[in-house]
Amino acid sequence: MLSRGRHSVLANEPVGPYRLLRVERGRAEPGIPGQFFMLEAPGRVLPRPMSLCLAPPGELDFLFEPVGRGTRALAALEAGDELAILGPLGNGFRLDVDRPLLVGGGIGMAPLPYLSEKLGGPPAVLGFRTAHHAEAAALLPGSEVAVEPGLVTELLPAGHDVLACGPERMLQAVGALFPGAQLAWEAPMACGYGACYGCAVDLDGTYKRLCVEGPVLEAAACS
Amino acid sequence: MLLNASGCLDALAAPEVARAFDAFVTKTVTPLPREGNEPTRIAETDHGLLNSIGLQNPGRERFLAVVLPQLRGLGVPIWVSVGGFSADEYAETCSRLSDVTIELNLSCPNVDEAPEAAAEIVAACRAETPFPLYAKLSPSLPNMADAARAAQAAGADGLSLVNTIRGLALDEQTLRPRLARGAGGYSGPALKPIALAAVYACYRATGLPIVGMGGVSTGRDALELIAAGASAVAVGTALFGDPGVPNRVRADLYKAAAALGFEDPLAARGIAHAPDPPLVLSKVTTNKTPAYMAK
């Protein structure tokens, strides 16, 4: 059952070049880490898909990078403003893993703090473009950080159940090293609930809707 | 009557949304399965949405054997959107459908079109089915009224107006097309005046039942399409931003109609074609001498 409601903004804080948008939770469920929400982007035709970054009591917190018109509109929200939020949507990470290792690249670290909380604080490796971007690592205390030209794949110990989110090339590299990894992908998405067929990704040679099949997929299923 | 626009809702993924409509319109069914177009498939613009999905669907056989029986379980009347690449293909699919309304997708901007004119396809389908047949026309036809009259003469029971219109969006940084296929079908708020003009012209030309669609996101939008001549209204792009839109549009439509003195929204059907209401002189309250007369 789809759940959509209006939520008040509590704060909209800079984290390096990113923003942490904190909204009142209301009756929304935080869902499983890796699931996502469609956030109304004020003045835009479509909402924007965002995974949940943190779920403190009474809050839903989203980390995003203002890169386009929708995310810039979200970055302009102020405490007291309201926005509509639909979700949680899609399939999150499986949490029944023995030796979890979290891997994030850039804004792809967004779902990892909430995931870390659910898994009891497993080791984490994060990669960023610059030291400024790496300030976001503060949201995941204790994580190991690689800054370009360093790569997260150079820091990954063997023998772990990898749960990763990041840019496509990072996910492909991580998937090649850990075929059992759970990878959270992204795609341009109009609706988030299977209606538009916009978020098609090539899985095993056929186009599937990422919002329905994913966004978290086993590495072995991704071509 | 409120429907979803074809391709804008998966009733099996979101059954409660489909049930909020008076009928569910399927994504277009083609004879063979289609993978759809390469991503990127969607791009938002300032006033609408470009899509290039490319009629991704499981094909006629799987649709008839698996999908349609499941859809019938929803308890909502089903409209099947039928596509093809020749008149024969459309007609064969029509011959195999029963107890549905058929909407012929004669106007997808994202795939190659059948060589025949819309009216020829309608005539071929009419020969194969006794069920209600709606022709969905493109708003880019040079003369909508002529196309509507031709569809009517070929046996269409109604019209669906309008499909998306071809558009292009360029990337902010690279100035290259944002969709992998270049151009796509444009929908959303920007399409509303185009849809209104098409409904207005085709109502006047044919008097057929018309499903009006294009940029509907409020009850007022729906009322305007009805005033232009629509007998039913469909919601498309607005569903993407809010799956609660059917109930909201329906409630707002009744309010918007009542506020203008229409007990039922359909009482406003075609009112846009009526002569202007007489000027109500009592509303002229000024008694100042206009500046140009004072000189």
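This report covers the confidence, sheets, a helix, the chain contact and one residue of a predicted model.

## Model and conventions

Residues are numbered from 1 along each chain as its sequence is written, and chains are lettered from A, with ligands numbered from 1, in the order in which they are written. Because the model is predicted, local features need pLDDT of at least 70 and side-chain atom pairs count only at pLDDT 80 or more, while totals for chains, interfaces and linings use all residues.

The model scores ipTM 0.93 and pTM 0.93. For chain B the average pLDDT (the predictor's confidence in each residue, from 0 to 100) is 94, and 95% of the residues score at least 70.

## The six-stranded sheet of chain A

Helices (H or I, at least four residues) and strands (E, at least two) are DSSP runs, numbered from the N terminus. Two strands pair if DSSP finds at least two bridges between them. In chain A, six strands form an open sheet in the order S9-S8-S7-S10-S11-S14, and the pairing is mixed. Its edge strands, each paired on one side only, are S9 (144-147) and S14 (216-218) of chain A. Neighbouring strands of this sheet are turned by 20° against each other on average, direction ignored. Such angles are taken between axes, which are lines fitted to C-alpha atoms (for helices over the stretch in contact), and run from 0 to 180 degrees between N-to-C directions.

S7(A) and S8(A) run parallel and are joined by four bridges. A:Val103 stands opposite A:Val125 in S8(A).

## Helix H3 of chain A

Which residues are buried in helix H3 (residues 168-177) of chain A? They are A:Met170, A:Leu171, A:Val174 and A:Gly175. A residue is buried if 20 or more other C-beta atoms lie within 10 Å of its own, exposed if 12 or fewer, and partly exposed in between, with C-beta atoms placed from the backbone. The buried residues of H3(A) lie on the same side of the helix because they cover an arc of only 130° around the axis; the arc is that of the directions from the helix axis to the C-beta atoms. A:Arg169 and A:Ala176 are exposed on the other side of H3(A).

Strands S7 (100-105), S8 (124-128), S10 (161-165) and S11 (182-184) of chain A are among the elements that cover the buried residues of H3(A).

## The four-stranded sheet of chain B

Chain B has an open sheet of four strands, ordered S3-S4-S10-S9, with antiparallel pairing. S3 (42-44) and S9 (165-167) of chain B are its edge strands. The twist averages 35° from one strand to the next.

Three bridges link S3(B) with S4 (residues 49-51) of chain B in the antiparallel sense. B:Ala43 stands opposite B:Leu50 in S4(B).

## Contact between the chains

In all, 28 residues of chain B are in contact (C-beta atoms, placed from the backbone, within 7 Å) with 22 residues of chain A. On the side of chain B that touches chain A, the elements giving two or more residues are H1 (15-19), S3, S4 and H8 (237-241) of chain B. H8(B) gives the most, with four residues.

## B:Thr93

B:Thr93 is located in helix H3 (residues 87-95) of chain B. This residue counts as buried because it has 24 C-beta neighbours inside 10 Å. Leaving out residues up to four places away in sequence, B:Thr93 touches B:Val29, B:Pro31, B:Arg60, B:Val82 and B:Gly84.

How values were computed:
Two residues are in contact if their C-beta atoms, placed from the backbone, lie within 7 Å.
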